[in-house]
Amino acid sequence: MRYISSHRPTAFAATTTIIALLMPSLLAHAQTEPSAASRSQLKVETNFPNGSGRVIEINHASRYIRIEPTTHELRGWACWWYIRVSGIVPGEMITIEVGPEPWATPSQAMFSTDDRTWQQTAPGEPVGRSIKYQQTIDAPVAWFAWGPPFTVAAATRLVNQAKQACNDVQEFTLCETRGGRAVPAMRFQPREATPTSAIWVQARQHAWEAGSSWVCKGFVEWLVSDDPRAARLRGSTMVTVVPIMDIDNVAIGAGGKNQVPHDHNRDWSEQPHWRSVAEAMRELRRLDDTGQLDLFVDLHNPGANTTRPFYYVPPRELMTTLRQRNLDRFLAASRIEMTGPLQFTGEIRESGPEYDEGWKQISKNWVTLNSRDHVVATTLEISWNTPDSTIDGYQTVGRQLGLAIERYLQLDPHKATSQETKPGQQIR
Ligand SMILES: [Zn+2]
């Protein structure tokens with residue numbers, strides 16, 4: 001069905017073009033004919049920031065495009081894709097086939113006609129190890145992507161947006177990457193007094209996990225809002241936010257996960273390879289030295305089959321009784337606040353020696369092993385393969401994460417009750 005001969009339509013298109021040049025009204029008429037679509041050439045481009053996609057096949061007659069994510073050697077999984085398609089006749093159906101599964105093939109992809117607002121496609125149809133999306137497009141140009149893209153420019157815009165909305169925001173560059181790019185970051189620093197509490201929220205150690213940056217954006221937008229609970233949090237707590245850690249791979253549209261020599265979330269060692277990680281470690285150490293650091297949250301997107309957000313937590317045996325109590329309080333606060341549509345129902349997974357031999361070099365485990373014993377460090381995994389894994393859905397999780405953090409810090413995480421300070425006592 002895909003290989004319809006295009007000879008006749010092409011010849012006809014040339015004739016039509018000549019007539020249309022002479023009589024523009026004829027072209028308008030021609031475009032309303034059902035066969036018009038087969039006469040315009042579809043064009044796929046990825047030559048823009050965060051773009052990815054190698055064309056395997058285009059059939060102009062059947063309006064069918066088959067791609068794979070662009071492979072970037074040594075840059076991790078090839079799972080992120082983001083393409084611009086032009087030559088569309090408004091109102092026609094475009095078919096995009098992508099593979100292979102599982103990381104590159106969400107049940108619903110995303111599409112946009114302005115590269116800014118993104119909607120889910122209709123559910124795709126599995127074709128072997130690939131998936132085929134069919135979507136009617138009402139514009140001459142459309143963008144299709146694995147998920148809603150969140151680019152380096154979007155990170156810079158988010159920092160500026162926060163700065164404009166709130167006097168307490170200071171922008172800073174976390175570092176310059178090995179690729180020579182600046183890593184935008186921001187800090188909420190209450191002006192009146194030195195805050196006794198500091199928290200750190202970061203996203204996108206894995207470049208393909210664009211949804212995590214949208215969660216981060218939802219968190220920031222809530223934090224600068226006039227919600228009294230947001231005002232309370234930013235009035236009492238220093239909040240550092242890094243919307244994209246692996247800037248270089250986001251810029252070129254690479255996956256980043258399991259890149260060489262290892263990815264950002266296996267880099268939290270005595271000799272970090274990636275500068276974002278080195279600088280985050282240095283800052284977290286400093287905040288812990290001053291006794292301010294209370295909480296670290298690392299935002300990610302998990303495997304394709306996960307339907308609800310969950311937390312990775314450090315192995316319990318690494319944690320003091322106080323730290324375990326605080327973790328349980330934070331999880332309870334998250335359960336109260338993250339009510340959906342992407343709901344946190346209390347699911348946690350431990351990532352210790354059985355999970356990965358490099359477990360000590362995972363961010364939250366490093367923070368746990370290198371901070372005061374009340375500090376909570378977790379990874380929040382936000383499901384990306386659901387009908388609610390949209391910009392709205394992600395931003396709602398971010399706002400709810402803010403509410404959970406505010407709720408958690410209502411109780412002093414430094415203070416243990418006499419019960420909890422008994423030596424050797426474990427909460428489980
Ligand atoms: Zn990840």
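Four donors count as tetrahedral if all angles lie between 85 and 135 degrees. They count as square planar if opposite donors are over 155 degrees apart and all others between 65 and 115; anything else is irregular. The model used below is predicted.

**Exercise 1. The zinc site**

Identify the donors of the zinc ion and classify their arrangement.

*Solution.*
- Step 1: List the donors. The zinc ion is coordinated by His 206 (ND1), Glu 209 (OE), Glu 209 (OE) and His 300 (ND1). The distances are 2.1 to 2.3 Å.
- Step 2: Check the angles. The 4 donor atoms subtend 57 to 145° around the zinc ion, so the arrangement is irregular.

**Exercise 2. The donors along the chain**

Give the spacing of the zinc donors along the chain, and place His 206 and His 300 in the secondary structure.

*Solution.*
- Step 1: Read the spacing. It is H-x2-E-x90-H.
- Step 2: Locate the histidines. His 206 sits in the loop between strand 13 (197–203) and helix 4 (210–223). His 300 belongs to strand 15 (residues 293–300). The pair is 94 residues apart and links distant parts of the chain.

**Exercise 3. Burial**

Decide whether His 206 and His 300 are buried or exposed.

*Solution.*
- Step 1: Take the cut-off. Buried means under 20% relative accessible area.
- Step 2: Apply it. His 206 has 3%, so His 206 is buried. His 300 has 1%, so His 300 is buried too.

**Exercise 4. The open sheet**

Work out the strand order and edges of the open sheet of 5 strands.

*Solution.*
- Step 1: Write the order. It is 1-4-10-6-7, with antiparallel pairing.
- Step 2: Find the edges. Strand 1 (43–45) and strand 7 (119–120) each pair on one side only.
- Step 3: Inspect one pair. Strand 6 (residues 110–112) and strand 10 (residues 141–145) are joined by 3 bridges. Ser 112 has Trp 143 in strand 10 as its bridge partner.

Conventions
Residues numbered from 1 in each chain as written. Predicted model: local features only at pLDDT ≥ 70, side-chain atom pairs only at ≥ 80, totals over all residues. Heavy atoms only, no water. Donors = N, O, S within 2.8 Å, 3.2 Å for Na, K, Ca; no water. Tetrahedral: all angles 85-135°; square planar, octahedral: opposite > 155°, others 65-115°. Helix = DSSP H or I, 4+ residues; strand = E, 2+ residues; numbered from the N terminus. Buried < 20%, exposed > 50% of the residue type's maximum accessible area, 1.4 Å probe, protein only. Pairing = 2+ DSSP bridges.
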